[in-house]
Amino acid sequence: MASNFFRQEVDSAVDALLFQQVILYPTDTVWGLGCDAELPRVVERLYALKNRPAEKACILLVADEQMFARYAAVVPPNLPELLAAETRPTTYVVPAAPSVAANLVAPDGTIGLRIPRDEFTHKVVQRLGHALVSTSANRSGEPTAATFSAISPALVRAVDYVVSWRQDDETPATPSRVVRVLPDGTLETLRE
């Protein structure tokens, strides 16, 4: 029964994304707002829902190293080692490739990429076949919603699709660690 529910929720989330909608979903860290990372118009709508300044980039979730390379103009040569050494969800800031919607790229030309270890999020990204925008499910300036119950009801009503999977999970969550990958492959911590 639970596996059918899981599959249905993955299918519904992917369908909403394919219909160019903004979704509210559980990530491997906190609850997030998301959309297809290759569609500037939908990204614009997500930014408006969040009331987020356009110059503030969002994280992109990718399924694997191959998808990482599709969105990174420069892939760290030691990426497999970096991923294997992770002890918690980590976002890698790298130069953005042209496939990323321009309004997701930071002013310095970079983008943050993360491969989620959470089964639900990973399946959604894998099935979508594109990077999935991931930004915390709160309006800019408000506290990050670590659980579904902490999300503003107004924001829940404003999105196109709300994932039902893990809505009752009250396990405390924190945002990912964010590191910039320097040209020599070493990491500079931007957010611990």
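## A walk through the chain

Let's start in a loop: Asn51 sits in the stretch between helix α2 (40–50) and strand β3 (59–61). Keep in mind as we go that this is a predicted model. What is the sign of phi at Asn51? The angle is positive, about 60 degrees, even though Asn51 is not a glycine. Most residues other than glycine have a negative phi. Is Asn51 buried or exposed? Asn51 counts as exposed, because its relative accessibility is 56% and the cut-off for exposed is over 50%.

There's another residue of this kind further along. Arg166 has a phi near 65 degrees, again a positive value in a residue other than glycine. You'll find Arg166 in the loop between β7 (161–162) and β8 (177–181). With a relative accessible area of 22%, Arg166 is partly exposed.

Arg166 also leads us to Pro26, since Arg166 is one of the residues that Pro26 touches. Pro26 belongs to strand β1, which covers residues 23–26. How buried is Pro26? Its relative accessibility is 0%, so Pro26 counts as buried; the cut-off is under 20%. Leaving out residues up to four places away in sequence, Pro26 touches Trp31, Asp118, Phe120, Thr121, Val163, Trp165 and Arg166. Now look at Gln8: Pro26 and Gln8 are 18 residues apart in sequence, and their C-alpha atoms are 15 Å apart in space.

Time to step back and look at the whole chain. How many helices and strands are there? The chain has six helices and nine strands. Its C-alpha atoms fill a box of roughly 45 × 35 × 30 Å along the principal axes. Why can we call that compact? A compact globule of 192 residues would have a radius of gyration near 16 Å, and the chain has 16 Å, so the two agree. Of the 192 residues, 46% count as buried. On the outside, the chain exposes about 9100 Å², and carbon and sulfur atoms supply 55% of that area. As for charge, there are 18 positive and 23 negative charges, and the mean positions of the two groups are 3 Å apart.

So what's on the inside? The largest nonpolar core has 58 residues, and those with the most contacts inside it are Leu60, Leu104, Leu113 and Val133. Helix α1 (residues 2–18) gives the largest share of this core, six residues. Let's zoom in on Leu60. Setting aside its neighbours within four places in sequence, Leu60 is in contact with Ala37, Val100, Leu104, Ile111, Gly112, Leu113, Arg114, Ala131, Leu132 and Val133. Contacts between distant parts of the sequence show up across the whole chain, too: of the contacts with a separation of 6 or more, 68% are between residues 24 or more positions apart.

Two more residues let you follow that idea yourself. Arg70 lies in helix α3 (residues 65–71). Its relative accessibility is 35%, so Arg70 counts as partly exposed. Beyond the residues up to four places away in sequence, Arg70 touches Glu38, Ala97, Ser99, Gly129 and His130. How far apart are Arg70 and Ser99? In sequence they are separated by 29 residues, yet in space the C-alpha to C-alpha distance is 7.1 Å.

The other residue is Glu44, which takes us back to helix α2. Glu44 is exposed, because its relative accessible area is 55%. Pair it with Asn103: Glu44 and Asn103 are 59 residues apart in sequence, but 7.4 Å apart in space, C-alpha to C-alpha.

How values were computed:
Residues numbered from 1 in each chain as written. Predicted model: local features only at pLDDT ≥ 70, side-chain atom pairs only at ≥ 80, totals over all residues. Heavy atoms only, no water. Core = buried A, V, L, I, M, F, W, Y, C linked by side-chain atoms within 4.5 Å. Buried < 20%, exposed > 50% of the residue type's maximum accessible area, 1.4 Å probe, protein only. Helix = DSSP H or I, 4+ residues; strand = E, 2+ residues; numbered from the N terminus. Contact = heavy atoms within 4.5 Å. Rg over C-alpha atoms; globule rule 2.2 N^0.38 Å. Areas by Shrake-Rupley, 256 points an atom, 1.4 Å probe, with all protein chains shown as cover. Lys, Arg positive; Asp, Glu negative; His and termini not counted. Charge placed at Lys NZ, Arg CZ, Asp CG, Glu CD.
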